[in-house]
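The following exercises train the reading of a protein model. Please attempt each task before turning to its solution.

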Amino acid sequence: MMAAVFAALLVALAFEFAGYGRIAVACLLLSFGLGTWLFLWEIYSADYGFRMPWLEL
Amino acid sequence: MSGMAQVDMPVAATLDRLLLMAMLIALAAVLTAAMVMQYAFGEIPCPLCLLQRYAMFGCCFGIVMQLRSPDSERGAGVGAIFAVVLLVISVRQTLLDLFPRPGHAYVGSAVFGIHMPVWSVFIAVALLAGFAVRLALFGAPRPSVLSALSPMMSRLTYSLALYVLLICAINFVSVVVQCGVGECHTTGYVLLSSPH
């Protein structure tokens, strides 16, 4: 999943560099969605998540 | 008065560009330093560390977009969004590592006595301050003035964009080798480890 986040970001940067702004922003949005999903998974996963029990009230 | 404005606007536009370039150079330097620490000193990035790199590359995207499209502030907006993302992730990791617990050491070594997630907090705040300062000082876009900027600045923008693209490609390959297709809860490079 992390590879997909970076792949979408790399494609976005490549399209921006080549001058295809709209496609670049579309790829960046895809990357943003994947990255947000992965970050939330990292926080809330019961098995692997980085929970912070010392801050839960 | 209008003559004074005509004199001032190219100076403001040039300073605006220089500030954006300084932000892009600083981000590229930070990302390069992170890669040096990974490849030269064997510091394997954690998932949240990689997501912070991702957010920094998103900021780079926004700044490059802003540098190359003078008739819109959309690039600065994209950069600011990713600066907020960087701030959220780095604050989360800083709070995560605030409390020592068995089996989880502080991720990475300290740089000038400060750990890397805390540096990320400083970088995110500096980026947000940079975007705010350039809007406060230089204001709205000036397409007719920006289009007349020097070829040297255009070449520098092109070179910086190319360098960011290059280090993003290296990071992508590195992530594939480290994480495979998973979420990257690894302590080494998955594709380089021998099968059991």
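## Exercises on a predicted model

Chain B exposes about 9600 Å², and carbon and sulfur atoms supply 75% of this area. The structure is a predicted model, and every value below is computed from it.

**Exercise 1. Describe the architecture of chain B.**

Solution.

Step 1. Identify the secondary structure. Chain B contains six helices and two strands.

Step 2. Put the elements in sequence order. The pattern along chain B is α-α-α-β-β-α-α-α.

Step 3. Consider burial. Chain B has 196 residues, and 42% of them count as buried.

Step 4. Consider the contacts. Among contacts in chain B with a separation of 6 or more, 74% are between residues 24 or more positions apart.

**Exercise 2. Describe chain A in the corresponding terms.**

Solution.

Step 1. Identify the secondary structure. Chain A has two helices and zero strands.

Step 2. Consider burial. Of its 57 residues, 42% count as buried.

Step 3. Consider the contacts. In chain A, 29% of the contacts between residues at least 6 apart in sequence join residues at least 24 apart.

Step 4. Consider the surface. Chain A exposes about 3200 Å², with 69% supplied by carbon and sulfur atoms.

**Exercise 3. Characterise the interface between chain B and chain A.**

Solution.

Step 1. Choose a quantity. The size of an interface is often given as the accessible area lost when the parts come together.

Step 2. State the area. About 3400 Å² is buried between chain B and chain A, and carbon and sulfur atoms give 83% of it.

Step 3. Name the main contributors in chain B. B:Tyr54, B:Phe61 and B:Arg92 lose the most area to chain A, together 22% of what that side buries.

Step 4. Count the participants. The contact involves 41 residues from chain B and 30 residues from chain A.

Step 5. Examine the polar interactions. Between chain B and chain A there are zero salt bridges. Seven residue pairs are in polar contact across this interface, with both residues at pLDDT 80 or more.

Step 6. Locate the elements. On the side of chain B that touches chain A, the elements giving two or more residues are α2 (47-68), α3 (74-96) and α6 (151-179) of chain B.

Step 7. Classify the residues. That side of chain B has 31 nonpolar, five polar and five charged residues.

**Exercise 4. Determine which residues form the network of salt bridges, and describe its surroundings.**

Solution.

Step 1. Begin with the total. Over all chains the count is two salt bridges.

Step 2. Take one pair. B:Arg134 forms a salt bridge with B:Asp16, with the closest N and O atoms 2.8 Å apart. This pair links distant parts of the chain: B:Arg134 is in helix α4 of chain B and B:Asp16 in helix α1 (residues 2-41), 118 residues apart. Both B:Arg134 and B:Asp16 are buried.

Step 3. Take another pair. The side chains of B:Arg134 and B:Glu73 also meet in a salt bridge, at 2.9 Å from N to O. B:Arg134 lies in helix α4 and B:Glu73 in the loop between α2 and α3 of chain B, so the pair ties together parts that are 61 residues apart in sequence.

Step 4. Apply the burial cut-offs. B:Arg134 has a relative accessible area of 1%, so it counts as buried, the limit being under 20%. B:Glu73 counts as partly exposed because its relative accessibility is 23%, which lies between the limits of 20% and 50%.

Step 5. Combine the pairs. B:Asp16, B:Glu73 and B:Arg134 are linked in a network of salt bridges.

Step 6. Add the surroundings of B:Arg134. Leaving aside neighbours within four places in sequence, B:Arg134 is in contact with several residues, among them B:Leu19, B:Leu20, B:Gln66, B:Ala76 and B:Gly139.

**Exercise 5. Explain what is notable about the backbone of B:Phe112, and decide whether this residue is buried or exposed.**

Solution.

Step 1. Recall the general rule. Most residues other than glycine have a negative phi.

Step 2. Compare the residue. B:Phe112 is not a glycine, yet it has a positive phi of about 55°.

Step 3. Locate the residue. B:Phe112 is found in the loop between β1 (110-111) and β2 (114-115) of chain B.

Step 4. Decide on burial. The relative accessibility of B:Phe112 is 77%, so this residue counts as exposed, the limit being over 50%.

Key. Residues numbered from 1 in each chain as written. Chains lettered and ligands numbered in written order. Predicted model: local features only at pLDDT ≥ 70, side-chain atom pairs only at ≥ 80, totals over all residues. Heavy atoms only, no water. Contact = heavy atoms within 4.5 Å. Buried area = accessible area lost by both parts, 1.4 Å probe. Salt bridge = Lys/Arg side-chain N within 4 Å of Asp/Glu carboxyl O. Polar contact = N/O pair within 3.5 Å; in protein donor to acceptor, adjacent residues only side chain to side chain. Helix = DSSP H or I, 4+ residues; strand = E, 2+ residues; numbered from the N terminus. Nonpolar A, V, L, I, M, F, W, Y, C, P; charged D, E, K, R; others polar. Buried < 20%, exposed > 50% of the residue type's maximum accessible area, 1.4 Å probe, protein only. Areas by Shrake-Rupley, 256 points an atom, 1.4 Å probe, with all protein chains shown as cover.
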